[in-house]
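Open the model in your viewer and have the selection tool ready. The stops below go from the whole chain to its interior.

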Amino acid sequence: MTPFELLEPRTLREAAALLDADTARPVAGGTAVMLMMKMGVLRPARLVSLRAVEQRYSGIAAGPDGGLRFGALATLSALERSNAVKSHAPVITRTLKTLSNVRVRNVATVGGHLAHADPHLDLPPVLIALGASVTIVNPAGERTLPLDQLYVGYLETTLAHNELIAEVTVPAPAGRRAAYLKCTTRSADDWPALGVAVVLEMDSATLDDARIVVRDARIVISAATDTPTRLAKAETVLRGARVDDATPARAGDAAATEAGVFGDSHGSAVYKKELVRVYVARAIRAALADGAVTK
């Protein structure tokens, strides 16, 4: 590991101002940054620690409108244990239980997890499906954008070198049902070959009817694509549809047709295309069952 300067600012905006060169990198939990430095992939001349910035960026709370707000410095374990998250977006709680391992979750932060932009990560597709947005701080102020606009490629985001994720906002549930399923070729907490997040907004007028109607749908896949990717054709199959036993399969077929996937050590492109077909249908069934995982 090459020598580096370590700075510890007291505010997030001050930290952003210190990221004034391509050789400066922020570090919070350090689960990705330190690993890449040890491997020699990353050689920053300056590390800007975020450990001493404002505590509000570690907070997790439900808003008066029923939505969720959590700071970028909240650890993944804190998010997993949060009663507010469990109450307002239980799909996040379920997802975190098999996200890497507890040692990583105890130190990895939400902001670092999202900014790393590895397509195999579990939270980005879930939060995108939930309609989450991120607030980003820079030396001059801040900006907010939908989370799906953060990602542009493999390990690439729209963040400028002097910008930091400050907060994540998840809108109120509004009668949604959600699920996240992933296919791993080894242990349950391994990198997935495919991740599928499904969020369904149900027509409340039909909830007590045998013919439940999906008012809106968001389907996001990851791990098989360079960035978390919404599947518009599969969403169209569900949007306005009356749910029956064949509906998830039709959406799965549409998803497999439109998804542009790549092969890697976790499976070939042909294999992953079939995974998309099967797992999109499974995730829809799981969401319809209030997120209970079905096989």
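What follows is a short tour of a predicted model.

**The whole chain.** Show the protein chain as a cartoon: there are 11 helices and 14 strands to find. Switch to the C-alpha trace, which spans about 60 × 45 × 30 Å along its principal axes. The radius of gyration is 19 Å, and because a compact globule with 295 residues would have a value near 19 Å, the two agree.

**The surface.** Turn on the accessible surface, which comes to about 13,200 Å² for the protein chain; carbon and sulfur atoms account for 52% of it. Next, colour the charged side chains: 34 are positive and 31 are negative, and the centres of these two sets are 4 Å apart.

**Going inside.** Hide the surface. Of the 295 residues, 49% are buried. Taking contacts between residues at least 6 apart in sequence, 61% join residues at least 24 apart.

**The largest nonpolar core.** Select Ile92, Leu114, Leu127, Leu130 and Val168, the residues that touch the most other members of this 39-residue core. Then select residues 123-129: this is helix 8, which gives the most to the core, with five residues.

**One residue of that core.** Which residues does Leu130 touch, leaving aside those up to four places away in sequence? Centre on Leu130 and select Ala89, Val91, Ile92, Val170, Pro171, Arg176 and Val199; these are its contacts.

**A second core.** Finally, select Met202, Ile219, Ile221 and Leu231, which are among the 31 residues of a second, separate core.

Definitions and conventions:
Residues numbered from 1 in each chain as written. Predicted model: local features only at pLDDT ≥ 70, side-chain atom pairs only at ≥ 80, totals over all residues. Heavy atoms only, no water. Core = buried A, V, L, I, M, F, W, Y, C linked by side-chain atoms within 4.5 Å. Buried < 20%, exposed > 50% of the residue type's maximum accessible area, 1.4 Å probe, protein only. Helix = DSSP H or I, 4+ residues; strand = E, 2+ residues; numbered from the N terminus. Contact = heavy atoms within 4.5 Å. Rg over C-alpha atoms; globule rule 2.2 N^0.38 Å. Areas by Shrake-Rupley, 256 points an atom, 1.4 Å probe, with all protein chains shown as cover. Lys, Arg positive; Asp, Glu negative; His and termini not counted. Charge placed at Lys NZ, Arg CZ, Asp CG, Glu CD.
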